[in-house]
Amino acid sequence: RLPSIKSKAASTVLSTEALSSLTELIFRAWDLSAKKVPSNKADSSSIGSRSKRRGSDGSLGGDDTVVISQKLDAADVAGRWEAKTTRLHDSALVMVLRDTSERSRRFEAEKKYVVESTKREKDAEANRFTRHEVKNGLLSAIGLCDSFADCLQKVLELQKGVEAGKKTPLGVDQDERSQIVDAPDDAPVIDPSTSVCLHELDRTLNEVLHMVLADAMSREIVHDVYELTMEYADVVKALSSHYHLRDFKAAEVRFPIIARPSPLPRIRCDLQLLTHIHRSAISNACKFGKKGGQVLTELHWTPNEVGGDEAGVLELRVLNHPGPQHDKFLDLGPVAEELVFGKGRTLQNLLEERGAERSDTCGNGCWIVQKCAHALGGICYIRFTPENTTFTFRFPSKAMKEKAAEPAETLKTKEEKFRIPENTWGIAIDDSKIQRKLMDRFLQYAGVRKDRVIVLGKNTEEIEGFVGFVTDFLCQHPNDHIFVIADENLDVVLDDAHHTTVSGSLCIESIRKRLLPGQEKR
């Protein structure tokens, strides 16, 4: 008979199942002390070990020590007891029972911590690579596309002028006509479809850029390390901008967006999270809804009764017509609405296996959408009805307060008041071609004259010589102001196999250390 035994780890009386398992453990340990473990009885829940030791007095022959561990309760994965037996001689046996549950749980926790830490480090490294190397490569390709589009536009205008010159009436001055008609022999001829191909290339590159950034965002959302970027934005324009279709009129017909009130005020939100939630809902609607059917997006802004006109709740709803498998969702009932947002589950998985959980590496789309909703402080859910499927997401936010139109004189005064001084030079540095192009435009929009804009960073010499260039430039223009913008991570390619990164902020710090107080003020 076994007495009632308490576990030190749990400090509770063992259950009947645990006592029965413990009894089995004792008998197995008793048998193992006299013979080896039979191969047909070895399983994954027991570990047997045999060691031969000699007594200190040398009078005992080969002493056997057997250690065996076993699970006591199927519900407790880490709950284990260990039996250690030592046979002194044929009629003497010492058996020590030890509760190793705490040690087993600590080992499992440490193993899980290592796995999660390794996964997080890999995701962080992937995010750094995605947001720097991949993003810069795509931005460079987009910049090349933009430059090619500008050159193509000039060639098309030249070609159009040549064709118009051929049709010039005979009454036109002969010299002017000869200047137009004589040039066409060397003028390139561009196929009109080239513009369409270029547009498709630009669309594809932007789509891939959005995908890689969304993937990086998803990794941060999974590990709860995503930092919100809240801004007042035109939500309707942002949600409609990702319909990358050739026929935008067809997009308005199939994917209409209705806003109430209309026009919708600018809402404070994280656009990346909001567009990701909307795109996922649209994707599921197209996949599981009626083929080619309309997918309606509704936006409802409801101001709070308390808290001013700016505070309120934005509700986003995506509705689609029933698809071929809609009856299966209805048969599942409310369970489908709850399980669809579970980790490791998808709508397709829900249909095939009725909610069977999948691996951690796939089927987390809806779960990530829910975490995006929680990051914005909102909730999301889905409803299946005989008429349609409705995805709803709502979150608290603020609307930008509308200001009364100001007279033209006031606006002119503000422009003059905040205008950058005329004697200001704009100097920017970036290793991305498209960013350099944007910096050139930005400085001009800020009020710097085009002939006073200098954008560097196209090669290693300009990046490594940036500090000396700005310092010398200040000395050469003692009466001018300098407006400097520097990218934080400037990649310097040393050779085909080596590159390094220069910090833009450290460059600015080095410049300021070299300047005199009077120069630094400028």
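**Figure 1. Arg 394 and its salt bridge to Glu 315.** Arg 394 is partly exposed in this predicted model. Its relative accessible area is 27%. The side chain of Arg 394 forms a salt bridge with Glu 315. The closest N and O atoms of this pair are 2.2 Å apart. Glu 315 lies in strand 9 and Arg 394 in strand 11 (residues 389-398), so the salt bridge ties together parts that are 79 residues apart in sequence. Glu 315 is buried, at 14% relative accessible area. The cut-off explains the two labels: buried means under 20%, and partly exposed means between that value and 50%.

**Figure 2. The salt bridge between Glu 298 and Arg 317.** Here the closest N and O atoms are 2.8 Å apart. Glu 298 sits in strand 8 (residues 295-303) and Arg 317 in strand 9 (residues 311-320), so this pair ties together parts that are 19 residues apart in sequence. Glu 298 counts as buried, with 11% relative accessibility. Arg 317 is partly exposed, with a relative accessible area of 26%.

**Figure 3. The open sheet of five strands.** The strand order is 6-8-9-11-10. The pairing is mixed. Strand 6 (257-260) and strand 10 (379-384) are the edge strands. Each of these edge strands pairs on one side only. On average, neighbouring strands of this sheet are turned by 15° against each other, direction ignored.

**Figure 4. Strand 9 beside strand 11.** These two strands pair in the antiparallel sense. The pairing runs over 10 bridges. Leu 316 stands opposite Phe 393, a residue of strand 11. The salt bridge of Glu 315 with Arg 394 also links strand 9 to strand 11.

**Figure 5. Two helices lying across strands.** Helix 7 covers residues 271-288. This helix lies across strand 8, strand 9 and strand 11. Helix 7 runs at about 20° to strand 9. Helix 11 covers residues 365-375. Strand 10 and strand 11 are the strands that helix 11 lies across. The angle between helix 11 and strand 10 is about 135°.

**Figure 6. Arg 441 and Asp 146 in a salt bridge network.** The side chains of Arg 441 and Asp 146 meet in a salt bridge, 3.9 Å from N to O. Arg 441 belongs to helix 13 (residues 433-445) and Asp 146 to helix 2 (residues 101-166), so the pair ties together parts that are 295 residues apart in sequence. Arg 441 is partly exposed, at 37% relative accessibility. Asp 146 is also partly exposed, with a relative accessible area of 26%. A network of salt bridges links Asp 146, Asp 150, Lys 437 and Arg 441. The structure holds 17 salt bridges.

**Figure 7. Arg 131 in helix 2 and its contacts.** Arg 131 has its place in helix 2. Its relative accessibility is 28%, so Arg 131 counts as partly exposed. Leaving out residues up to four places away in sequence, Arg 131 touches Leu 213, Ala 216, Met 217 and Glu 220. Arg 131 and Val 212 are 81 residues apart in sequence. In space, their C-alpha atoms are 8.0 Å apart.

**Figure 8. A nonpolar surface patch with Leu 88.** Leu 88, Val 94 and Val 96 make this patch. Its area is about 210 Å². Leu 88 is found in strand 3, which spans residues 80-89. With a relative accessible area of 37%, Leu 88 is partly exposed.

**Figure 9. The whole protein, as a setting for the close-ups.** The protein has 522 residues, and 37% of them are buried. Its secondary structure comes to 17 helices and 16 strands. Among contacts between residues at least 6 apart in sequence, 63% join residues at least 24 apart. The protein exposes about 32200 Å². Carbon and sulfur atoms supply 54% of that area.

How values were computed. Residues numbered from 1 in each chain as written. Predicted model: local features only at pLDDT ≥ 70, side-chain atom pairs only at ≥ 80, totals over all residues. Heavy atoms only, no water. Patch = residues over 30% accessible without salt bridge, like charges linked within 9 Å, V, L, I, M, F, W, Y side chains within 5 Å. Areas by Shrake-Rupley, 256 points an atom, 1.4 Å probe, with all protein chains shown as cover. Salt bridge = Lys/Arg side-chain N within 4 Å of Asp/Glu carboxyl O. Helix = DSSP H or I, 4+ residues; strand = E, 2+ residues; numbered from the N terminus. Buried < 20%, exposed > 50% of the residue type's maximum accessible area, 1.4 Å probe, protein only. Pairing = 2+ DSSP bridges. Axes fitted to C-alpha atoms, helices over the stretch in contact; angles between N-to-C directions. Contact = heavy atoms within 4.5 Å.
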